[in-house]
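Me: Hello! I am new to this structure and would like to learn how to read the place where two chains touch. Could you walk me through it?

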Amino acid sequence: MTTIIINGSEYPIPEGEKLNAIQMAKRVGIDIPYYCWHPALSVVANCRMCEIETGSKDPKTGEIKMMPRLVPGCQTPAKDQTVLVTNSPKVKEHQRMIMEYLLLNHPLDCPVCDQAGECGLQDYSYHYGQASHRFVEERLVNPRKDVSDLIQLNQDRCIMCTRCVRFTREITQTGELEVMRRGNHAEIAVFPGHTLDANPLAGNVVDICPVGALLDKDFLHKQRVWFLSKHDSVCTRCSTGCNITAEENKGRLWRFKPRSNPHVNDYWMCDEGRYSYQAANDPGLLAAMYVRTNDDLQEVPVDEAMTAVDRGLRQVLELGGHVAGVLSPFLTVEEAYLMARYIKGLNPTSVLALGPVPSRGSDVTIKPDQTKGRTGDTSFIVSRPFTIHAEKCPDRQGVEAILTHFQGAVITFEELSRRVAASEFQGLYVASDSIDPWIDEAASRELRSHVSFLVLQDTNVTPLAHLADVVLAGATFAEKAGCYVNADGRLQYAGAALPPREGALPDLDLFAILLHRPGGPVRSGEVLAELAEAVPAFAVARGGTVPVLGTLLGSSASADGAARAVAFTDSWYVPQGAARSR
Amino acid sequence: MSTFEPVLSRNWSVADSHTLKVYESRGGYQAARKTLATMAPDAVVNLVKDSELRGRGGAGFPCGLKWTFLPKDRKATLMCVNADESEPATFNNRLLMERDPHQLLEGILIACFATRASTAYIYLRFEYIRAYRILEAAIEEARAAGHLGKNIYGSGYNLDVWVHRGAGAYICGEETGLIESLEGKRGWPRIKPPFPAIEGAFRKPTVVNNVETLCCVPHILERGAIWFKSIGTPKSYGPKLYTISGHVNRQVCVELPLGITCRALIEEHGGGVWKGRKAKAAVPGGISMGLLSAAELDTPLDFESLRKPGCLGLGTAAVTVLDDQTRIIDYLYNTCRFFAHESCGQCTPCREGTGWLNKMIQRIRSGGGRLEDLDLMLNLADNLGIMPGTTICGLADGAAWPIKNAIAKFRGELEDHIRTHQSPAHEVSRLQEDIAQGRQADDSRARLPILNGLLTAPASSRQAPGIGSV
Amino acid sequence: MRADDPKLMRIEPPKLTLAERFFLPQIAEGLGVTGRHVVGVAFQKKAITVQYPEEQHVPSPNYRGVHRLNKDEHDRIKCVACMLCATACPAHCIDIVGASAPPSWPDREKYPESFVIDELRCIYCGMCEEACPVEAIELTGLYDLTGLSREQMIFDKTKLLSVFDATKDAEPMKYAAPPPGPAPETKMLPSPLD
Amino acid sequence: MLWVAIGILLKILVVVSIALGTVAYLIYVERKVAAYAQDRVGPNRAGKELGIPFGLLQPLADGAKMVLKEDVIPGYVSRPLYMLAPVIAIVAAMIGFAVVPFGPVGPNQIMNFQIAPNINIGILYVFAIGSLAVYGIILAGWASNNKYAFLGALRSSAQLISYEIPLGMSILGMVLIAGSLDLNQIVNWQDRRVWGVVVQPIGFLLFLVSAFAETNRLPFDLPESEQELVGGYHTEYSAMKFGMFFLGEYLHVITVSYLTVLLFFGGWSLPFHLLNQNQIGFLSAVFKVMVLLFKVALMILFIMWVRWTLPRFRYDHLMDLAWKSLIPLSLVNLVATAAIVQLIYSSR
């Protein structure tokens, strides 16, 4: 058996994984502080914070031989019979010294620094530093500068860990960032005219910065991070389905931060997704339910609107008409399931169609290459490609799977439009929730002119909304909980970050009311459990639970064991929820 | 020592010594021909290993041993010649390259043959323009004469030599920094492992050797390991080029067997301390190695003995003499300024520590010293470089030893300086101390803007405590 | 603690004399005490009451009254919108909206776009003052805080700055040295409610 | 006869209005005394605008407040009893005044300073009526349908029953000595001989203590005891109904003060026969009334003084005091007085 000795205790080394000392120690609950190391970037060992004492144990005699010098934990492999000491006086004195050095020229502006609260310097200063230092000379002052339209660099707060430089070199391979000058005048800079603006993953340099040097101007000075409640969610901006934390305070979203998921997004997310949170804060979102009376849309309470929907659709059927439902790829699988059940339950001849699938450009895949960066030891790094999909919706595959289950084939929106134009349907129920404008004036009129009863369930005011008979205000991506199936067929759970806004209801509740489900608000887990029973494609979600890192639709739950792999989070960026209940 | 006959510098006094003609006329390239024709590469490695030739670049690592670290199954090997002679007061490599470039090329040829490297880069210090021109010319000559190029001497062995000029950074004299710079990157030393012998320049096994080391190689092959080990002192064998500079009458570079005492070097070869003064101290081997006091001048200058008086090592064997009218604080000021300027800025202790020491020395020198600063500097030096493993490369060690030595050996003088040189303009104010200690400053000046590191408040805020007075 | 704990001590009530058991001497003594006070107030003007509107009470220097937002020597708000006061506030009565400082403020990155204190929620504990890293928020000695509606008692930035203007001479910043000469009396606010 | 009736009615009117006015000012005085005892100045504002000093209009303001306040009748009370209780309290307090002489009373006086003169069991009447007041309290507590009020009422009844006994027995000594239940006779006896307090010191103390208890004043105000019972029996009363209890309490204070002065401090007489008891004339009558009023005023002040000096008794202490100390003591006092009186009279 392979074992490692950390601070006097023996621990077994996990099979089949190549870990360094930091990862291994963290796995057994011992923190080795670090700044420059990042599991996706090459090892440079220049912050010197993770230095520990190492040695080896002779397996025969049991004699332990320590090396005289300190070595950085980030480049020490966790090998059999290695001895790590992370808490000796020598190590502690070294950590204290590094903290003193790092803080020499660091400005004392934590109060106005957005990183405060999730800052490596702050956290380690408490754990490993000291309250005072002996530096009485004048500090260096470096003015702040912009590295892109969205990212600001406060050079005086920088600790030269070069994570950002390595990110642009090794992950995006665009190399915008560089170190300029030498010694304690060294600073991060962009080449003139070569900013991060064109980099689709630029926002990640803010996330990986352990201090407040690189800051997102979109979030700048708006909130203190300890006020934010963090909710594990999934980005809905494209079909990659990046794992994110949606961070909320005072009833609105403030930012998205990527969550590590080795099967989906590794540690990153694209800027387009990062700033898509703004759609949930839009003041122009539908704020009430409307029913058409006397050729005018009137604001009505929810129950009236729901009755109007049910009555209208049943009337169409009684008059011998047909009903079609449009399921947008922005719906969660639970919502799609309930809606399909409702439409099919009205009349088995009713038709279900997939809503318009927005697509823009082509898929962009970024393949990291650590050899582009520093030629240090890169053997710990598993480089995984990151794709920004052209398909700008979160759940096409999930909705398609449900449509296939209910009627054998997927009818596209174009096909449905044709059939509507042929006056095949008299009643139409469109559930959209699309973030983007998805239908124009002309298409709306065309669609409307052929049906006698039109229900629209949406979050935004679209041209179709003005023409519909009933407008239901659904929930935005931030307001609903449920599962999405991403481009790789991975079923992932996204939690709700905000309560449903005034006048709107989560789509799941709307469908539940139409279906007369007993009980109050619906829990997505219960629906998912039903769905897993009813639709074989979703059998992995049996019991209504999904692993934290998601699970592949086709796989059996046990075969997807790797999905339970521990994701990585920087120790100073711990999702802590709101600092206090407000 | 009069029996010693110069080896490395034997051609220096000859006219046009840098030309191939002169070099060949004095027996040049014979060793290379013999080696390539008769010896197997491993035999060469073993011979050099037997000679216990230690690297002349500063660290004194056995050269042959280094060559054996190369992986056995390597496909390609690179040779880097470290000609980035940036250590202050050192100029032996420059003379070797300017006066006898073919000796170096022959050494490169043999070393590359031994390590089976087919490409060699001479990483040349930017400022050595003359050496650059001479080397380029010499390589042309050698290539034309068949000493370099394809199928050298019919042995089927190919070698190309390129001269690469650095951009003027001290740190590029460190082997991994040199490699990074050679690759076209920023001259930042790499972490080890992997060592360059396993994965060096362009991710290939790489040997990095100093100019003077390589210059020794042809002579070892010509005269044998026994001859080489007959020169010098135990554990430090062979001839060595010493440079003498500073406050001596003659600033020269002389070749002597390893182990000559510092005093002998100054008196016999440097012509004594200038202006009839006495030596106060001497830097034995480039400023990063530390300081010898006047009483310790009898220390032999070899790889081992210098540890005794508390120096880091022989270094580049560049002796700099300080006369008795030189202030130690000035020496420290120059040293610290140099290291603060040349620190690459990669590792935290070196980046911040050298800058801090520099600022502190500047303050002490201009009259703001405190007695506790000396202990603080010692403590910093200990943390910075004397404790092993705090940084990637050895620059921090080099920055730490002079301070440790100077304070250990000249503490009295430094304390006297602090006591007698006090200038109110430079002294540490109460407020600065309070801020550093994290104390609540106790006077009205506490109302300072604490943001953006502004230490001094606008004058108006210091006067009346009432804020409405403006 | 157990009944046989060695640290326990049994104390017997003191034995009373007969006179004491009648309580009459004690009652007489008590009557004497109150009588002295009655006489003192009635005839010797020993009352300690402050006749409030006519006489203004000057509270002790560490009295915690209405908040003020301090200004710096350029008449700008000192606050940097770090929201540490809002974090420290146990009553959750402070609401700050931060924003990047105007470009004309070179020494400052951030300032409060809006700064609102609900004086009715506030418990005047002074934690905001303690938490403030730039000495921007302070509790003044103003104690006569009244209002006719809840809205009036929610102080915004303008009002809090006007409190500073009204009190800056009487109460220099607390961390500064005491003012030379006798302390000026707290000026009455021109009523913060207008 | 008609004129007699009119005279009596007039007297009743004058006495009641004076009594009520006095009560109003007693509250003012009480507040002043309280303030002085606590180093404060007390009410001094009301009337300032009209140039009236010392806040002398405070009672008016208090009264106006009492009248104008919202009269809350909780939904859960028993309404008739609830309304009746304060009426009983104040009526019982007032009709006690019927036999209390405010000045010299007698067939040879120019005027009877008494509403119902020449009732020879006057003192008995006072006590009988005084005990009625407890019904007001009990009813109030009962009708309020509130546990605090109920507890207050229970305490009050127990307290009143307990202290009736020593109160009654403490004056029997004086009655024995004076040989009459008529207050007029008792005063006359004291004028002739010596003040009651001299011949009946123990009786005086017993009377004083019991009187405090009977008036529910500190240190015996357990039926109210704000700290424990939130006001006790009047927890649920507000506005004028509360005011009536208040008035009742102060009327009791006045009554008790009168009785004390009449029984133990010589009534309208002055010591050492400085005032000729037999002198009849308008001036002398007025003077006697003034003397009596002065003494009563002192007595009231004393009661207030005690209130702001002593803390409240604990309930068990209260009961202990009545049953274990006062009643035995009063019995001893009665027996001893009776023996001595018998000795003296039989020796004559």
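Me: Which side chains meet in a salt bridge?

Reply: Glad to help! A salt bridge pairs a side-chain nitrogen of Lys or Arg with a carboxyl oxygen of Asp or Glu. In this predicted model, E137(A) and R363(B) form such a pair, with 2.2 Å from N to O.

Me: How many salt bridges are there between chain A and chain B?

Reply: The count is 2. Polar contacts are a separate tally: 18 residue pairs across the interface of chain A and chain B, both partners at pLDDT 80 or more.

Me: Which elements of chain A give two or more residues to the side that touches chain B?

Reply: Look for strand 4 (64-72), helix 2 (89-102) and strand 8 (177-180) of chain A. Helix 2 of chain A gives the most, with 9 residues.

Me: What classes of residue does that side of chain A have?

Reply: You will find 22 nonpolar, 13 polar and 17 charged residues on the side of chain A that touches chain B.

Me: And how many residues does each chain bring to the contact?

Reply: Here a residue counts when heavy atoms come within 4.5 Å. Chain A brings 52 residues and chain B brings 56. Together they bury about 4,600 Å², and carbon and sulfur atoms give 53% of that area.

Me: Turning to chain A itself, which domains does the assignment give?

Reply: The assignment lists domain 1 (3-99) and domain 2 (289-361 + 384-485 + 495-539) of chain A. Their C-alpha centres lie 54 Å apart.

Key. Residues numbered from 1 in each chain as written. Chains lettered and ligands numbered in written order. Predicted model: local features only at pLDDT ≥ 70, side-chain atom pairs only at ≥ 80, totals over all residues. Heavy atoms only, no water. Buried area = accessible area lost by both parts, 1.4 Å probe. Salt bridge = Lys/Arg side-chain N within 4 Å of Asp/Glu carboxyl O. Polar contact = N/O pair within 3.5 Å; in protein donor to acceptor, adjacent residues only side chain to side chain. Helix = DSSP H or I, 4+ residues; strand = E, 2+ residues; numbered from the N terminus. Nonpolar A, V, L, I, M, F, W, Y, C, P; charged D, E, K, R; others polar. Domains from an automatic or database assignment.
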